[in-house]
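The following exercises concern a predicted model. Each task is followed by a solution that proceeds step by step.

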Amino acid sequence: MGIETALPTDIVLTTQLQRVINWARRSSIWPIPFATACCGIELMATASSRYDLARFGAEVMRFSPRQSDLLIVAGRVSVKMMPVLQRIYQQMTEPRWVLSMGACASTGGVFDTYAVVQGVDQFIPVDVYVPGCPPRPEQLIEGVMAIQRIIDEDGIPPIGPGGKRAPLGIAIDPSHAPAPQPVGVGLPKG
Amino acid sequence: MTTTPDHPTFARVKESFPDKKFRATEFRGDSTLVVEPGDLHEVMQFLKDDESCKYDFLSDVIGVDYLNYPAKMPGRFGVVYILCSYERDLRFYVKTFLDPSVPTEGIEEDPALVIDSVTDIWAGAEWTEREVFDMFGIRFKGHPDLRRILLWEDYPGHPLRKDYPVKGRGEREMYKVVDRTDA
Ligand code: SF4
């Protein structure tokens, strides 16, 4: 006689298992970088030591869609590249998420021309948009945290009233106070 | 400030081709020789081989569309060749003008927009001429492999022509939509 006899065991066990799986998934998001332009440089900065995406378990950049969970579209996608992007998305194994990084991937940005797709979300599903040109690494990390939130909710992006995607609401209040620098910067006086 | 066309190659070309029609311009130290499209190949061969020219490097081939250009130009399309001579330490531009004979909105082959390829003189012209063909629809006679280089084979236009809409004619919207269940 233990506590498990008093609980509806199968249901509790299933939800608990799901939570363990979600915890494992959210802590080891392996991104595939689809870095076609300047945003890719910022993506590299995010993964490197100063911003250290490894703190969120997302440092293992996989260059095979079969081994990755998160497609990071960083940069403008040209009309000739879009079928490639779609093929890569189709090759990713479930579960998979897509993060559209920067103005160009999300909307085409300033490149309103015949050669640039005006937002990859027209042709592949996108879970999280990170605005900016390019987004700062902090913003990209916030985007990865938003993906983690989605995974926590069993991979379903929160749906609000009317069936529209609800805001994730993870943004923290911005502080405009300058952050303390590790080493003093500035010009010597006089 | 007026510049004088005093590039040494001008005089050399003039004395070697006394009966051909040329024009010479100079802008901020860049000297350009304008040749008739039919004379292009012969002149280019001369510029490569002549002892005092020795243009051994073709650094680029460029197309220009002068539609609605404010000044009067000798033709609608220009093709510019940028030549370098490592041996004589010279830089020289050769330009030629073409006028289309069929409407330029489409991709029909235009017999007036054809010039001789210089790939047999400088092998490096192959890709640059393909780019000019891709973007402007100017064909190069004698090119070994004249296909589009940046856009795909059946692209329905030559997008750097000025009468091509900058946002395209829907090429950027014609994909199937992949959804979450696609694998
Ligand atoms: S959003 Fe800005 S930084 Fe990013 S790819 Fe476009 S132009 Fe480059």
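Two residues are taken to be in contact if their C-beta atoms, placed from the backbone, lie within 7 Å.

**Exercise 1. Determine how many residues of chain A are in contact with chain B, and classify them by character.**

Step 1. Applying the contact criterion, one finds 16 residues of chain A in contact with 15 residues of chain B.
Step 2. On the side of chain A that touches chain B, ten residues are nonpolar, four are polar and two are charged.

**Exercise 2. Identify the residues that surround the ligand and state which element contributes the largest share.**

Step 1. The surrounding residues are Ala37(A), Cys38(A), Cys39(A), Gly75(A), Arg76(A), Gly102(A), Ala103(A), Cys104(A), Gly109(A), Cys133(A) and Pro134(A).
Step 2. Helix H4 (residues 102-107) of chain A supplies the largest share of this shell, three residues.
Step 3. By character, the shell divides into seven nonpolar residues, three polar and one charged.

**Exercise 3. Locate the cis peptide bonds that precede Pro95(A) and Pro134(A).**

Step 1. The bond between Glu94(A) and Pro95(A) is cis, with omega about -10 degrees. Pro95(A) belongs to the loop between helix H3 (82-91) and strand S3 (97-101) of chain A.
Step 2. The bond between Cys133(A) and Pro134(A) is also cis, with omega about -15 degrees. Pro134(A) sits in the loop between strand S4 (128-130) and helix H5 (137-152) of chain A.
Step 3. Both Cys133(A) and Pro134(A) are among the residues surrounding the ligand.

**Exercise 4. Decide whether Asp52(A) and Asn68(B), residues with positive phi, are buried, partly exposed or exposed.**

Step 1. Asp52(A), which is not a glycine, has phi near 55 degrees; its place is in the loop between helix H2 (39-47) and strand S2 (70-74) of chain A.
Step 2. A residue is exposed if 12 or fewer other C-beta atoms lie within 10 Å of its own, and buried if there are 20 or more. Asp52(A) has 13 such neighbours inside 10 Å and therefore counts as partly exposed.
Step 3. Asn68(B), also not a glycine, has a phi of about 60 degrees and lies in the loop between strand S3 (57-65) and strand S4 (77-85) of chain B. With 8 other C-beta atoms within 10 Å, Asn68(B) is exposed.

**Exercise 5. Describe the span and burial of helix H3 (residues 125-136) of chain B.**

Step 1. The twelve residues of this helix reach 16 Å from first C-alpha to last, close to the 16 Å expected.
Step 2. Nine of the twelve are buried, including Val132(B), Phe133(B) and Phe136(B).
Step 3. The cover over the buried residues includes S3, S4 and strand S7 (139-141) of chain B.
Step 4. Just after the helix, Gly137(B) adopts a positive phi of about 75 degrees.

How values were computed: Residues numbered from 1 in each chain as written. Chains lettered and ligands numbered in written order. Predicted model: local features only at pLDDT ≥ 70, side-chain atom pairs only at ≥ 80, totals over all residues. Nonpolar A, V, L, I, M, F, W, Y, C, P; charged D, E, K, R; others polar. Helix = DSSP H or I, 4+ residues; strand = E, 2+ residues; numbered from the N terminus. Near = placed C-beta within 6 Å. Expected span 1.5 Å × (residues − 1).
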